[in-house]
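Here are my notes on the model. Please read them with the structure open.

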Amino acid sequence: RRRPSAPAHPPDGQPAVPEAEYTLRQAVLASRERTFITTTLSGPEAAAMRGNRVAVGGAQPAVYKLDLGAEDFPLPPDFTDVAGLHWGNDGRLLGWREDTAWVLGGGEPQRFALPGAADGDQIRCAEWQPAQRWVAICSYSALYAWQPESGRVITLTAQIDAPDALTERRG
């Protein structure tokens, strides 16, 4: 006579096989991510996702495909210490650091050099205009509208008599 087989249970304190497989898979993926993406970001604005691409800023910026392979996305040699990134709808990448903003992809890189950088002014943010013909760039002392294709810059300055906690210079 045949005995019904009892379900296999792991010894007390050990995970069941499906849980162990899942845990192992997660560990392998996390290890793989650390191998390919070694950049430590200073904040959420230093990473940008679009479609199947991830751009990461920091000291040595890079663009990755979502399968974590490095993508052949040309970055200029001076594209370093990047504090923020935004993908455009057309696949171009906007990146900035304290004194420079770039638009990359679709031809030669375009650069915006912050006029007041020598006096201690810094780029604090940058954002695409919805139609992507202009980029808005804000610093401690001014707001700039930059047209990357032509190089045209419109400057708006404002005097802040009493800065609040969000606009006060730190550091």
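1. Start with the disulfide. In this predicted model, Cys 125 and Cys 138 are joined through sulfur atoms 1.8 Å apart. The cut-off for calling a disulfide is 2.5 Å, so the pair qualifies. By this rule the count comes to 1 disulfide.

2. What does the bond connect? Cys 125 sits in strand 8 and Cys 138 in strand 9, so the pair ties together parts that are 13 residues apart in sequence.

3. Is each cysteine buried or exposed? Cys 138 has a relative accessible area of 17%, and buried means under 20%, so Cys 138 counts as buried. Cys 125 has 34%, which lies between the 20% and 50% limits, so Cys 125 is partly exposed.

4. Now the sheet around these strands. The sheet is open and has 4 strands. Their order is 8-9-10-11, and the pairing is antiparallel. Strand 8 (123-128) and strand 11 (152-157) stand at the edges. Each has a single partner strand, so one side of each is left without a neighbour in the sheet. From one strand to the next, the twist averages 20°.

5. Look next at the pairing of strand 9 with strand 10. Strand 9 covers residues 135-139, and strand 10 covers residues 142-147. The two pair in the antiparallel sense over 4 bridges. Which residue of strand 10 stands opposite Val 135? The residue is Trp 146.

6. To put the points together: strand 9 holds Cys 138 of the disulfide and pairs with strand 10. Strand 8, which carries Cys 125, is an edge strand of the sheet.

Terms used: Residues are numbered from 1 along each chain as its sequence is written. This is a predicted model: local features need pLDDT of at least 70, side-chain atom pairs count only at pLDDT 80 or more; totals for chains, interfaces and linings use all residues. Side-chain values use heavy atoms; hydrogens and water are left out. Two strands pair if DSSP finds at least two bridges between them. Axes are lines fitted to C-alpha atoms, for helices over the stretch in contact, and angles run from 0 to 180 degrees between N-to-C directions. Buried means under 20% relative accessible area, exposed over 50%, partly exposed in between (1.4 Å probe, protein chains only).
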